[in-house]
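Got the viewer open? Set it to cartoon, keep the selection box handy, and follow along.

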Amino acid sequence: MTKFQKFKIFIMTILIAGLVCGMNFVMCRQAYSSDAVRVKNFYKLENNSLDMVMIGASTTFTNYSAPLAFKEFGYTSYSLGTNGAPMGLAKSMLIEVLKTQNPKVIIIDINGILYDDKFESKEGSLRAWIDNMPYSQNKIKTIQELVPEDDRLSYYVPFLKYHSNWAKFKDNVNASIDELTHHDDIHLSSMGIQGTAQITPQKSPIPIKTHTQERPMYRLSGLHLKELLDYCQNHGLKNILFTNMPRYYSKKMIPERERNNAAKALIHQYGYEYIDMDDYVDEIGLNPQTDFYNQNHLNIYGQKKLTMYLGKRLNEKYHLSDTQHDEKIIQRYQQEVTAYEKIYKWADEQIRLGKKRRYNYKEVKEIIEKQEI
């Protein structure tokens, strides 16, 4: 074989490898997914720039607003959550947080303990986190721990899962361009905002504060909560705070409350603090007729109230706003506040017009770019 032939083979190998990598980058994505944006944007944050991180499922970003907390209390925070995140993902999220951040407090929402054994390995819920985190030992271990053995290959090689994305090629290209050109490097938190502009009045909610009866947690979610607590304890993590976000309960939701009570008891056994928001509905000022868009999630009005309550409580205990951040970080969060105010105004207008509007990354991007405060 001549030197020229070897050179041609080398060049072809480089071109093929580049093509494969490029196609993986474009095609192996959840285009316009708020979960994908929320996870990927976390890795764009400056190291050690967060005073607080909240991890968990959808209630971490529907019920709490990081930009509003910065506006009102002056501390930086981030909601690192994905829709339907099972309890098993919490440890993986925590490990990722500790790689780049050293927050004064990490809040772990335990909504995942409400999911049964089947849901703990639900593909869509797992992929919202796993497919969007970078390759690492933690990612491999997360796949091995949570994904059934027969299904793991497509998590290691995502193209096997997303090859059908040709039908969404244009959306994927646009999302790839956004990522490559750092289009979202300013609005890292606000671009992950997601919710529903709607009021759903709750009918005859059951008072739950005095309901202390316990029910055994589901096998897998209970096991994963215990593994998480063991990890926190074994690694000497003192800045962990667990929480349960507020709901308005009907009779059929009583088992959820009882599983929460069992989780609370286990968390207390390990010596960790647990804020059960169901116990502070009056202090938060939540109105079941105006502040929810369904039984489990707050709308923008309820989110504002809970953020004000939790932010004040956290700041008083952990002195979050005492941190001296670089001017660049402060300026970015000020722009996050402006983006949040645009989204709040838009959602408020939709509700007043009687429209039910779900909004995710694609809508939020348009609102931030076009909406006037």
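Here is a walk through the sheet, then some helices, with a stop at one serine.

**The whole chain**

Before selecting anything, bear in mind that you are looking at a predicted model. Colour by secondary structure and you should find 17 helices and nine strands. The chain has 373 residues, and 55% of them count as buried. If you draw contacts between residues at least 6 apart in sequence, 83% of those join residues at least 24 apart.

**The sheet**

Now pick out the strands β2, β1, β3, β5 and β6: in that order they make an open sheet of five, with parallel pairing. At the edges sit β2 (77–81) and β6 (273–276), each of which has a pairing partner on one side only. Going from one strand to the next, the twist averages 20°.

Zoom in on β1, residues 52–56, which runs parallel to β2 and is joined to it by five bridges. For one example, show Gly56 and its bridge partner Gly81 in β2. Turn to β3 and you'll see that β1 pairs with it too, again in the parallel sense, over four bridges. Here Met54 is the residue to click, with Ile107 in β3 as its bridge partner.

Is β1 covered on one face or on both? Show its side chains: Met52, Met54 and Gly56 lie on one side, Val53 and Ile55 on the other, and all are buried. That makes five buried residues out of five in this strand.

**A helix on the sheet**

Next, select residues 89–100. This is helix α5, and it packs on the sheet, where it touches β1, β2, β3 (105–109) and β5 (240–244). Look along β1 and compare directions: α5 makes about 155° with it.

**Helix α8 and its buried face**

From α5, move on to α8, residues 137–146, and show Asn138, Lys139, Thr142, Ile143 and Leu146, the buried residues of this helix. Rotate until you are looking down the axis of α8: these buried residues fall within an arc of 140°, so they line one face of the helix. What do they pack against? Add α5, α7 (123–130), α9 (153–156) and α12 (219–234) to the view, and you have the partners of the buried α8 residues.

**A stop at Ser221**

While α12 is on screen, select Ser221, which is part of that helix. Buried or exposed? Its relative accessibility is 0%, so Ser221 counts as buried. Leave out the neighbours within four places in sequence, and Ser221 is in contact with Met87, Gly112, Ile113, Tyr115 and Glu120. Try a distance label as well: the C-alpha atoms of Ser221 and Asp117 are 6.9 Å apart, though 104 residues separate the two along the chain.

**Two crossing helices**

Last stop: select α16 (residues 327–352) and α17 (residues 361–370). Their axes come within 9 Å and cross at roughly 105°. An angle of 65 to 115 degrees counts as roughly perpendicular, and α16 and α17 are therefore roughly perpendicular to each other.

Show the side chains where they meet: Ala339, Lys342, Ile343 and Trp346 come from α16, and Val364, Ile367 and Ile368 from α17. Colour this contact by class and you get six nonpolar residues, one charged and no polar.

Notes. Residues numbered from 1 in each chain as written. Predicted model: local features only at pLDDT ≥ 70, side-chain atom pairs only at ≥ 80, totals over all residues. Heavy atoms only, no water. Pairing = 2+ DSSP bridges. Axes fitted to C-alpha atoms, helices over the stretch in contact; angles between N-to-C directions. Contact = heavy atoms within 4.5 Å. Buried < 20%, exposed > 50% of the residue type's maximum accessible area, 1.4 Å probe, protein only. Arc of directions from axis to C-beta. Parallel < 35°, antiparallel > 145°, perpendicular 65-115°, else oblique. Nonpolar A, V, L, I, M, F, W, Y, C, P; charged D, E, K, R; others polar.
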